Amino acid sequence: MISFTVTAVVFGVVFLAELPDKTALAGLVLGTRYRASYVFAGVAAAFALHVALAVAAGSVLTLLPQQIVHALTGVLFLGGAAVLLFKKDEDEEEVRRPENQSFWKVAGAGFMLILVAEFGDLTQIMTANLAARYDDPLSVGLGAVLALWAVAGLGIVGGKALMKKVPLKLITQIAALLMLALGVWSLWEAIAG
């Protein structure tokens, strides 16, 4: 059974953390060069694979005693908040252009770009942490993949417009504050539990 609360919390945290990420910019670049649906198909498949790996890793952590899991996820969330607060602005990456506009070439380019760029990325680590924290792999996986797909869709279709209206720095700060709150809460549960 899927928990709407867990799915919504995961969606919000992952969405805000992914918005300022390089992959949103990469999706924007690909979306301006190729058919949006082809780009999204490849990007969505890569994100689904990353979420499955992250949820599996987080589920393994649930085998540890709860206090250790809370302490570990608390420290990792605090580290993620620090990374978001202190990282330098990312430049738009050069995207290699496939030779033609066929579905498989364009979707394959999007898939490979995200597969490589997101491996071990902050949102993948956050998803593993959330899977460990909530011990609800289905709800965490659903929230994370929907958030990543939403960011990819926004990046592909209207990223430039969003970034003109909402400063990237503000989005990053909100994501960092959410991660900071989750980190403090997890550490509190480790100490109090």
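This briefing covers the overall make-up of the chain, the pairing of helices α1 and α6, and three single residues. The model is predicted. The chain holds 8 helices and 0 strands, and 46% of its 193 residues count as buried. Among contacts with a separation of 6 or more, 92% join residues 24 or more positions apart.

**Overall make-up**

- Read from the N terminus, the order of elements is α-α-α-α-α-α-α-α.
- Helix α1 takes in residues 4–18, α6 runs over 122–134 and α7 over 137–165, and α8 covers residues 168–192.

**Helix α1**

- α1 has 15 residues, and its end C-alpha atoms are 21 Å apart.
- That separation agrees with expectation, because 15 residues at 1.5 Å a residue should span 21 Å.
- The buried residues of α1 include four valines, namely Val6, Val10, Val13 and Val14.
- Thr7 is also buried, as is the run of Phe15, Leu16, Ala17 and Glu18 that closes the list.

**Helix α6**

- From first to last C-alpha, the 13 residues of α6 reach 18 Å, close to the 18 Å expected at 1.5 Å a residue.
- α6 is mostly covered, with 11 of its 13 residues buried.
- Those buried residues are Leu122, Thr123, Gln124, Met126, Thr127, Ala128, Asn129, Leu130, Ala131, Ala132 and Arg133.

**Packing of α1 against α6**

- Two packed helices are described by the angle between their axes and the distance between the axes.
- For α1 and α6, the axes come within 10 Å and cross at roughly 160°.
- An angle over 145 degrees counts as roughly antiparallel, so α1 and α6 are roughly antiparallel to each other.
- The crossing of these two helices, α1 and α6, is right-handed.
- On the α1 side, the contact is made by Val6, Val9, Val10, Val13, Val14, Ala17 and Glu18.
- On the α6 side, the residues met are Thr123, Met126, Thr127, Leu130 and Tyr134.
- By type, the residues of the contact of α1 with α6 comprise 9 nonpolar, 2 polar and 1 charged.
- Several members of this contact are also buried: in α1 these include Val6, Val10 and Glu18, and in α6 they include Thr123, Met126 and Leu130.

**Asp135, after α6**

- Asp135 follows α6 and lies in the loop between α6 and α7.
- Most residues other than glycine have a negative phi.
- Asp135 is a residue other than glycine with a positive phi, near 50°.
- Asp135 is classed as exposed because its relative accessible area is 52%, where the cut-off is over 50%.

**Ser139, in α7**

- Ser139 belongs to helix α7.
- With 0% relative accessibility, Ser139 counts as buried, the limit being under 20%.
- Neighbours within four places in sequence aside, Ser139 is in contact with Met1, Ile2, Ser3, Val6 and Thr7.
- Two of these partners, Val6 and Thr7, are among the buried residues of α1, and Val6 also takes part in the contact of α1 with α6.

**Ser186, in α8**

- Ser186 sits in helix α8.
- Ser186 counts as buried, because its relative accessibility is 0%.
- The C-alpha atom of Ser186 is separated by 9.0 Å from that of Gln67, although the two residues are 119 residues apart along the chain.

Methods: Residues numbered from 1 in each chain as written. Predicted model: local features only at pLDDT ≥ 70, side-chain atom pairs only at ≥ 80, totals over all residues. Heavy atoms only, no water. Buried < 20%, exposed > 50% of the residue type's maximum accessible area, 1.4 Å probe, protein only. Expected span 1.5 Å × (residues − 1). Axes fitted to C-alpha atoms, helices over the stretch in contact; angles between N-to-C directions. Parallel < 35°, antiparallel > 145°, perpendicular 65-115°, else oblique. Left-handed = near helix turned anticlockwise from the far one by under 90°. Contact = heavy atoms within 4.5 Å. Nonpolar A, V, L, I, M, F, W, Y, C, P; charged D, E, K, R; others polar.
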